[in-house]
Structure formats: structure tokens, C-alpha cells
Amino acid sequence: MTYIEKDRKILRFAALFVALLAIGCDSDTLAPTARSKNADSDQPDRSDRSDRLGESGEFAAEVDGYQTALLALSRGDEPSADAAIRKLLLRDPEDPKALELWGDLLLRRKEFDQAAQQFQAVAESIDPPPRQVLDKLVEARMNAGQPYQTVAALQQTLSQYPDHSQARYDLVGTSAMAGLTFAGLDSLRWMAQRGQTDVESL
């Protein structure tokens with residue numbers, strides 16, 4: 001083979017190499033292993049995706065359960081509310097939202113002592129406890145005819161929300177009826193400082 005033929009052969013190989021680069025086949029031709037690794041890394045992690053889909057599905061089910069229960073309660077449909085809340089509690093017996101909804105349902109059923117227990121559980125599981133939950137706890141204790149527990153609930157409310165005027169009025173009145181006048185003295189002073197000690201305010 002002459003030098004010219006060798007040069008032509010080299011040129012042909014060079015031309016082929018350039019052509020492969022131009023059409024993007026270099027990774028298949030020159031580095032198949034690297035291509036394979038890159039391809040694997042580009043593939044979505046199906047197991048991770050399925051986990052995410054599972055979590056999102058559970059979250060959607062919870063949200064739907066809350067909405068179903070709230071809608072049923074607003075319509076006065078106690079059986080549907082009961083079923084929806086029970087499903088939520090089966091999923092998580094300590095779910096504060098579900099426990100509050102269960103307390104709401106028990107209030108409607110006039111099962112005041114049981115309702116108070118649910119609201120107390122919610123109040124103890126969240127720091128600080130939501131004001132609306134404490135208000136419901138006071139309501140349940142009052143309706144259950146539990147003056148001492150009502151005073152305790154009102155004091156718990158005011159420890160978190162000292163400017164809650166209705167709680168202060170209720171504490172003064174309830175503590176007086178329960179013979180625990182001293183428990184309402186701070187609230188009585190608070191009301192006096194604001195000119196709210198008239199009979200109609202109590």
C-alpha cells in the first residue's frame with residue numbers, strides 16, 4: 001500500500017468520525033457505557049413516583065373527608081357526618097381536625113361531656129390551642145352543667161388569649177355561681193379598667 005493510499009484511508013476514517021459526531025452518534029459509537037449510564041439517570045424513579053402518588057392520594061382523601069364532614073354538619077346530616085369523621089379517625093385516631101369535628105357532632109347530639117373530652121384532647125395536642133377549640137370546650141362544659149370544669153376551661157382560654165372579653169365575662173359570672181369568686185377577680189378588675197362592670201355586661 002502506497003503512502004497516498006494510506007493517507008486516503010486515514011482521511012476516510014477521519015471523515016466517518018466527523019460524520020458520526022455531526023449526527024450525534026458519538027455517544028453510541030464512542031462511549032456506549034457512558035450513554036447507558038446517562039440514560040439510566042434520565043429515567044424517572046418509578047418507585048419514588050409511586051410513593052409520591054400514594055402520599056398525594058392519601059392527602060386528597062383526608063381533605064375530601066374533612067370537606068364531607070363539614071358539609072354534612074352544615075346540613076344537619078348527622079349520619080353522613082358520623083361516617084366521614086369515623087373514617088378520618090380510623091386513619092389517625094389523634095388527628096386534631098377529626099377530633100374537633102367529632103366534638104362538633106357530639107355537641108349537636110347534646111352529648112356535652114363527650115364533646116368536651118374531644119375538645120380538651122385537641123387543646124392539649126396543639127400549642128397554642130386554637131381559640132375556637134377553647135370556646136367550644138367552654139360551651140360544652142357549660143352545657144354539661146360542670147361549673148368547676150367550666151371555670152378551669154375559661155382560665156385555660158384566658159391564659160392563651162387574655163384579651164378575650166367574652167371569656168372574662170363568663171369567668172366572672174360562672175365563678176360567682178360556683179362559689180369561686182376569687183377565680184374571677186382578675187377578670188373583674190380587667191372589666192372595671194375598661195368600664196365594663198355594669199350588669200348588662202355580665
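Helices (H or I, at least four residues) and strands (E, at least two) are DSSP runs, numbered from the N terminus. The model is predicted, so local features need pLDDT of at least 70 and side-chain atom pairs count only at pLDDT 80 or more, while totals for chains, interfaces and linings use all residues. Residues are numbered from 1 along each chain as its sequence is written, and side-chain values use heavy atoms, with hydrogens and water left out.

**Exercise 1. Determine how many helices and strands the chain has, and what share of its residues counts as buried.**

Solution.
- Step 1. The chain has eleven helices and zero strands, in the order α-α-α-α-α-α-α-α-α-α-α.
- Step 2. Relative accessible area sets the classes: buried is under 20%, exposed over 50%, and partly exposed in between (1.4 Å probe, protein chains only). Of the 202 residues, 30% are buried.
- Step 3. A contact is a pairing of heavy atoms within 4.5 Å. Among contacts with a separation of 6 or more, 39% join residues 24 or more positions apart.

**Exercise 2. Locate Tyr161, and state which residues beyond its sequence neighbours it contacts.**

Solution.
- Step 1. Tyr161 is in the loop between α9 (147-160) and α10 (165-177).
- Step 2. Tyr161 is partly exposed because its relative accessibility is 23%.
- Step 3. Apart from neighbours within four places in sequence, Tyr161 touches Pro129, Pro130, Arg131 and Leu134.
- Step 4. Leu134 is 27 residues from Tyr161 along the chain, and their C-alpha atoms are separated by 9.9 Å.
- Step 5. The side chain of Tyr161 also reaches the backbone oxygen of Pro129 at 2.7 Å.

**Exercise 3. Identify the contacts of Thr157, and decide whether Thr157 is buried or exposed.**

Solution.
- Step 1. Thr157 belongs to helix α9.
- Step 2. Its relative accessibility is 1%, so Thr157 counts as buried.
- Step 3. With neighbours within four places in sequence left aside, Thr157 contacts Leu134, Asp135, Val138, His164 and Ala167.

**Exercise 4. Describe how α6 and α7 pack, and which residues meet.**

Solution.
- Step 1. Axes are lines fitted to C-alpha atoms, for helices over the stretch in contact, and angles run from 0 to 180 degrees between N-to-C directions. For α6 and α7 the angle is about 160°, with the axes 8 Å apart.
- Step 2. Angles under 35 degrees count as roughly parallel, over 145 as roughly antiparallel, 65 to 115 as roughly perpendicular and the rest as oblique. Helices α6 and α7 are therefore roughly antiparallel.
- Step 3. From α6, the residues are Pro96, Leu99, Glu100, Trp102, Gly103, Asp104, Leu106 and Leu107; from α7, they are Phe112, Gln114, Ala115, Gln118, Phe119, Ala121, Val122 and Ser125.
- Step 4. Ala, Val, Leu, Ile, Met, Phe, Trp, Tyr, Cys and Pro count as nonpolar, Asp, Glu, Lys and Arg as charged, and the others, Gly among them, as polar. The contact of α6 with α7 comprises ten nonpolar, four polar and two charged residues.

**Exercise 5. Give the arrangement of α7 and α8, and the classes of the residues in contact.**

Solution.
- Step 1. The axes come within 8 Å and cross at roughly 155°; α7 and α8 are therefore roughly antiparallel.
- Step 2. Residues of α7 in this contact include Phe112, Ala116 and Phe119, and those of α8 include Leu134, Leu137 and Ala140.
- Step 3. By class, the contact of α7 with α8 holds ten nonpolar, two polar and three charged residues.

**Exercise 6. Find which backbone features Lys110 and the bond from Asp127 to Pro128 show.**

Solution.
- Step 1. Most residues other than glycine have a negative phi, and most peptide bonds are trans.
- Step 2. Lys110 has a positive phi, near 65°. Lys110 lies in the loop between α6 (96-108) and α7 and is exposed, with a relative accessible area of 61%.
- Step 3. The peptide bond from Asp127 to Pro128 is cis, with omega near -5°. Pro128 sits in the loop between α7 (112-125) and α8 (131-143).

**Exercise 7. Establish which residues Asp82 and Arg109 contact.**

Solution.
- Step 1. Asp82, in helix α5 (residues 78-91), is buried at 12% relative accessibility.
- Step 2. Beyond neighbours within four places in sequence, Asp82 contacts Trp102, Leu105 and Arg109.
- Step 3. Arg109, in the loop between α6 and α7, is partly exposed at 28%.
- Step 4. On the same basis, Arg109 contacts Glu78, Asp82 and Trp102.
- Step 5. The C-alpha atoms of Arg109 and Glu78, 31 residues apart along the chain, are separated by 8.6 Å.

Definitions and conventions: Polar contact = N/O pair within 3.5 Å; in protein donor to acceptor, adjacent residues only side chain to side chain.
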